[in-house]
Amino acid sequence: MEIAIVAASKRFGAVSALDRVELNIASGELVAVLGPSGSGKTTLLRIVAGLDWPDEGEIRFDGADALSLGVGERHVGFVFQNYALFRTMTVFENVAFGLRARTRRRRLAERALRERVHALLDLVQLRALVDRYPSQLSGGQRQRIALARALAIEPRVLLLDEPFGALDARVRKELRRWLRRLHDEIHITSVFVTHDQEEALEIADRVVVMDNGRIEQVGTPAEIYEQPATAFVHDFIGESIVVDVTVENGAVQFDHKTTPLDAHGVRTGAAKLFVRPHQMAIVPIGGAPLAGIVQGVHGLGPARRVEIALGTGDNSTTIEVDAPRKGAVKVGEEVGLEPQRYRVFPADAADPA
C-alpha cells in the first residue's frame with residue numbers, strides 16, 4: 001500500500017512537532033525515519049497509525065483519506081520499543097490475540113487460527129517457544145514475538161517505533177539484519193522510526209532525516225551519507241570535520257588566505273566547511289588548500305587518527321582525520337590537507353536552531 005503524507009502539521013502547545021511535512025512512501029518500501037529526540041519522527045508515526053491526528057494536512061492510503069478511519073480500520077500493525085506483550089499469555093496466545101479480537105464475522109476458525117499463528121512463528125524462527133511466557137524469553141525473542149503479533153492481523157502497513165531501542169548492541173545488530181531479510185520475504189510497506197543512524201542506513205530502502213518537525217532530506221542510505229543536502233544532515237549523519245571559513249565573492253578563505261575550494265553557491269559571508277574524516281587527505285604542504293601542525297597520532301591497525309591544529313589566533317581549530325599507516329607523519333610536522341569530498345554551507349544554515 002502507498003502512503004502519502006500531505007502538508008501535515010501538529011502542535012503541542014507552543015511546540016511545533018510537525019511543520020507541513022510532505023512524504024510519499026511506495027508500496028512495499030521499507031522507510032526509516034531518523035532524527036534526534038524531539039524531531040517529530042514518533043509523532044509522524046502515530047499520525048499514520050491513527051493514534052493521533054494532525055492539526056492540518058492529509059494522510060492518504062492508496063489515494064484514499066485515512067483520517068476518516070479509526071485505528072482498527074486502517075489495518076496497521078504496530079511494534080513498540082517495550083514489546084507490549086501480555087505477561088500472562090503464552091507466546092501462542094500473544095500472537096493469536098489480534099486474531100481472536102476480530103469481530104465474529106471476520107474471526108478465523110480455530111484450526112485456521114492455529115495454522116496462521118504457527119506459520120508466523122516459523123517466519124520469525126521461534127516455533128519451538130510456542131508454549132513459553134514472555135518472562136522466559138530474551139529481549140530479542142520478545143521483540144520477534146511482538147513483530148509476529150503485529151503481522152498476525154495481515155496489516156497493510158507495518159509501523160515500528162524504536163523497536164530495538166531496549167536491546168544491547170549485539171542483539172540490535174542481529175535483529176536489524178534479520179528484519180531486513182524478513183522484509184525482503186514479505187514486502188509489506190514498512191515505516192521504521194529510530195534515532196540510530198547506523199540502523200537506519202543499514203536496513204532501509206530510503207531514509208527520512210527529520211529535525212524540529214521538518215524533513216531535512218529524503219534519499220537512499222548512500223545519498224544521505226554521501227550527498228547530504230543540509231548542514232544538519234552532514235553533521236547528524238556519520239562523523240564530520242567542521243571548519244569555520246569565510247566566503248568573499250565566491251572564493252573560500254581560511255585564516256585570511258584564499259583557497260581553491262568550491263564555495264558551493266555561497267557568495268559572501270561566514271560559512272562552514274564540512275568534511276568526513278576519511279575524506280580529508282594529508283598531502284604535501286605545497287599548494288594544499290589547508291595546512292596545519294600535527295598534534296598527535298592515535299590508534300592501531302591499518303588506519304590511524306591524526307590530530308591536526310589548523311589556523312592561527314581566533315581562526316585556530318583542531319581536527320582529527322583518518323590516515324593510513326603508510327606515509328607516517330610526526331608530531332610537530334607541518335602538513336597539507338586536501339578535502340576530497342566536502343560541502344560548504346552558510347554559517348547561519350549550519351548552526352543549530
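In this predicted model, 47% of the 353 residues of the chain count as buried. The C-alpha atoms fill a box of roughly 80 × 45 × 30 Å, taken along the principal axes. If you trace the secondary structure, you will meet nine helices and 20 strands. The chain also brings together residues that are separated in sequence: among contacts with a separation of 6 or more, 66% are between residues 24 or more positions apart.

**A strand residue and its contacts**

Let's start with one residue, Ala4, which lies in strand S1 (residues 3-12). Is Ala4 buried or exposed? Its relative accessible area is 17%, so Ala4 is buried, because buried means under 20%. Leaving aside neighbours within four places in sequence, Ala4 is in contact with Leu23, Asn24, Glu58, Ile59 and Arg60. You can also look for Gly63: Ala4 and Gly63 are 59 residues apart in sequence, while their C-alpha atoms are 7.5 Å apart in space.

**A mostly covered helix**

Next, find helix H1, which spans residues 41-49. Seven of its nine residues are buried, so this helix is mostly covered. Those buried residues are Lys41, Thr43, Leu44, Leu45, Ile47, Val48 and Ala49. Just after H1 comes Gly50, with a positive phi of about 95°.

**The largest nonpolar core**

In soluble globular proteins, nonpolar side chains tend to be buried together. Here, the largest nonpolar core has 37 residues. Which of them touch the most other members? They are Val95, Val117, Leu121, Ile145, Leu147, Leu158 and Leu179. The elements giving two or more residues to this core are helix H2 (91-100), helix H3 (110-123), H4, strand S7 (157-161) and H5. With seven residues, H4 gives the most.

Leu121 is a good residue to click on. Not counting residues up to four places away in sequence, Leu121 touches Val91, Val95, Leu126, Arg127, Val130 and Ile145.

**Two pairs of packed helices**

Two packed helices are described by the angle between their axes and the distance between the axes. Here are those values for two pairs.

| Helix pair | Angle | Distance between axes |
|---|---|---|
| H4 (residues 139-152) and H5 (residues 169-186) | about 25° | 11 Å |
| H2 and H3 | about 125° | 10 Å |

What do these angles tell us? The angle of H4 with H5 makes the two roughly parallel, because angles under 35 degrees count that way. Their crossing is right-handed. On the H4 side, Gly140, Gln143, Arg144, Leu147 and Leu151 take part, and they meet Val171, Leu175, Trp178, Leu179, Leu182 and Ile186 in H5. By class, this contact has eight nonpolar residues, two polar and one charged.

H2 and H3, by their angle, are therefore oblique to each other. H2 also passes H3 in a right-handed crossing. From H2, the residues in the contact are Val91, Phe92, Val95, Ala96, Leu99 and Arg100. Their partners in H3 are Glu110, Leu113, Arg114, Arg116, Val117, His118, Leu120 and Leu121. This contact of H2 with H3 divides into nine nonpolar, one polar and four charged residues.

Some names come back here. Leu147 and Leu179 belong to the contact of H4 with H5, and both are listed among the core residues that touch the most other members. Val95, Val117 and Leu121 take part where H2 meets H3, and these three are in that core list too.

Definitions and conventions
Residues are numbered from 1 along each chain as its sequence is written. This is a predicted model: local features need pLDDT of at least 70, side-chain atom pairs count only at pLDDT 80 or more; totals for chains, interfaces and linings use all residues. Side-chain values use heavy atoms; hydrogens and water are left out. Axes are lines fitted to C-alpha atoms, for helices over the stretch in contact, and angles run from 0 to 180 degrees between N-to-C directions. Helices (H or I, at least four residues) and strands (E, at least two) are DSSP runs, numbered from the N terminus. Angles under 35 degrees count as roughly parallel, over 145 as roughly antiparallel, 65 to 115 as roughly perpendicular and the rest as oblique. A crossing is left-handed if the near helix is turned anticlockwise from the far one by less than a right angle, and right-handed if clockwise. Contact means heavy atoms within 4.5 Å. Ala, Val, Leu, Ile, Met, Phe, Trp, Tyr, Cys and Pro count as nonpolar, Asp, Glu, Lys and Arg as charged, and the others, Gly among them, as polar. Buried means under 20% relative accessible area, exposed over 50%, partly exposed in between (1.4 Å probe, protein chains only). A nonpolar core is a set of buried Ala, Val, Leu, Ile, Met, Phe, Trp, Tyr and Cys residues joined through side-chain atoms within 4.5 Å.
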